[in-house]
Amino acid sequence: SVSVDRNINPEIKEKYASIHELYNELKLDFSGDYSFVLRAYNDGIAYRFLTRIKNTITIVKENLDLSFADSDSIYYQKSKTFNSSYETPYQHKAIKDITTDGYCHLPVLIEKQNGVKVLISESDLENYPGLWLKATGTSDLKSAHAGYPLEFKNEGNAYVRGQVAKHANYIAKSNGEREFPWRVYVISKDDAGLITNTLIYQMAKPSRIKDVSWIKPGVVTFDWWGRRNIFGTDFKAGINTETAKYFIDFAAEFEFEYFLFDDGWSKQGDLFDINPGLNMEEVMTYAEQKGVKIMLWVIWNTFEKQKKAAWDQFEKWGISGIKFDFMNRDDQKMVQFYHDVAEEAAKRKMVIDFHGAYKPTGLRRAYPNVLTREALIEFEYNGGSDHVNPDHDNFLPYIRMVTGPMDYIPYTTHNAQKKNFRPVGDMPMGQGTRAHSMALFVILESPMQMLPDSPSDYYQERECTEFISKIPVEWDDIKVLDAKIGDYTVIARKNDDNWYVGAITDWDPREFEINFDFLSEGNYELEYIEDGINADERAIDYKRKTGNITNKENMKIQLAPGGGWIARINKKK
């Protein structure tokens, strides 16, 4: 057995500048050339298997049986098959009441009758399929994995090509001398402890990139979700050079780091059949002059078929990042795809955003250029459903965010109360107030935050956009001020000497008292956005206010239904 007490200094500060790692580890060696490793932390436990077999091995099945009390409940998402975008609504019910069809994808959150929470997930997933859980009709859950892929679908549109048509009756083949993924159980006596937990990160492999100085977190403006709905220009908006320059000008003016060409810059099935309205060389030159980095969206299967030429062309253009989409699998081969592209992107100094992706399992620690990923229902769902509501926003910090950063796409200027919301694909709006939408910049972690609206909307709401442009995406510390899963979340985050506070509520109006005792001694300037007096009817209503504050003071804030509050607290020199 060993005891470890050390500090980890993450290359990308998604939550902390330094993580205190403290655990006891027990390793049991068994005949048959395998070992069982168990770790105990103050905020969770984990185990993994090691094998020392000389030959290649075939893993037919991994058995995991979890037994809970009949009174235990679970927050979970469910998919019908292993072909999943991991974008289904959260459900909360007794474990024994989960229907036995389909699969629960990780993370899941168990709630004990005494209020203790246990979040189940995995870390250090490599060359092995992702773990799922299967309901049994009792208070037991069993493990499940996608079989090794044998045949693939090559018909249909580019979105679905590369999905598995036939699985093997085993889950993996690999070298017999290896470590298997950690099975992680995050344990917290209260909801706040889930938000501050870093076990998934701690248990992953250390960085495999020696020089990380080129990796730049930041804010991304992109052209797809706002549907290029720009106005007040003398050119026709579209997927063309003029529109790209307009987005780049916007990013440059507000010092946002990236512009992303999303779906449409090329044919979905051919990365070299570029939209005729685009002159990529001209756009790249213009972006470089403006100090804006360019990212490209790709369908993973299209990229995989053209990868050598695509890598070379992207590097030649000077592309700074890639958004991979529609993987929708976590079998052994797909898990390895994530590792392969992360490694190759690092060699070419490109960052990565994974969409249509499985949950984070620590890859971002081994490859810090993996800045964010989806694996959640995020803002884009407002175009076709009511799933992304303030209730959902208050589930995310306690479940999905525990495993790692989320590409939620916060801060829309098109805000609606519940009775006024409509899912409109070509002119999307967000549920909840303007202050709620802005507060998500602080509540939800992502070293790469994306903006959904068109620049014209953000220019029109300049006061809010200027406020958001001063919110960092990396953090040195976090304090959870108030928290209840599904209901409300109040968080303070630190960057250098300054603090930022975000508060959101569900559809119930609430009042909170902010105690500023997390500040150090000294005087601070306070600038904040709060719900306007009419935000309960017109969700875009807000007020910007300023003042001064010290760590001896408290402040009451009021949130409208679906409301929020966001503050910048700058230390006076």
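**Note on strand pairing, a packed helix and a cavity**

1. In strand S3, the bridge partner of Asn 24 is Ala 40, where strands are DSSP runs (E, at least two residues) numbered from the N terminus. This is a predicted model, in which local features need pLDDT of at least 70 and side-chain atom pairs count only at pLDDT 80 or more, while totals for chains, interfaces and linings use all residues. Residues are numbered from 1 along each chain as its sequence is written, and side-chain values use heavy atoms, with hydrogens and water left out.

2. The pairing around Asn 24 joins S2 (residues 19-30) to S3 (residues 34-41) through eight bridges, with the two strands running antiparallel; two strands count as paired if DSSP finds at least two bridges between them. S2 and S3 form a hairpin with three residues between them, and Gly 32 in this turn has a positive phi of about 100°. S2 is also joined by seven bridges to strand S1 (residues 2-8), again in the antiparallel sense, and there Ile 8 stands opposite Ile 19 of S2.

3. Further along the chain, six strands make up an open sheet in the order S27-S28-S29-S34-S31-S32, with antiparallel pairing. Its edges are S27 (477-484) and S32 (542-549), each of which pairs on one side only. Neighbouring strands are turned by 10° against each other on average, direction ignored, with axes taken as lines fitted to C-alpha atoms (for helices over the stretch in contact) and angles running from 0 to 180 degrees between N-to-C directions.

4. At one edge of this sheet, S27 and S28 (residues 488-495) pair over seven antiparallel bridges, and Asp 477 has Lys 494 in S28 as its bridge partner. Helix H11 (residues 434-443) packs on the sheet, touching S28, S29, S31, S32 and S34, and its direction makes about 130° with that of S29. Here contact means heavy atoms within 4.5 Å, and a helix is a DSSP run of H or I with at least four residues.

5. The structure holds eight cavities of 30 Å³ or more, a cavity being a set of points on a 1 Å grid over the protein atoms alone where a 1.4 Å probe fits but cannot get out. The largest has a volume of about 90 Å³, volume being the space filled by probe spheres set on the points.

6. The largest cavity is lined by 17 residues, and Tyr 408, Gly 430, Gln 431, Ser 437 and Leu 440 lie nearest its centre; lining residues have an atom within 4 Å of a point. H11 gives the largest share of this lining, three residues.

Terms used: 1 Å grid on protein atoms, 1.4 Å probe; cavity = no way out; pocket = protein on both sides within 12 Å on 5 of 7 lines; lining within 4 Å.
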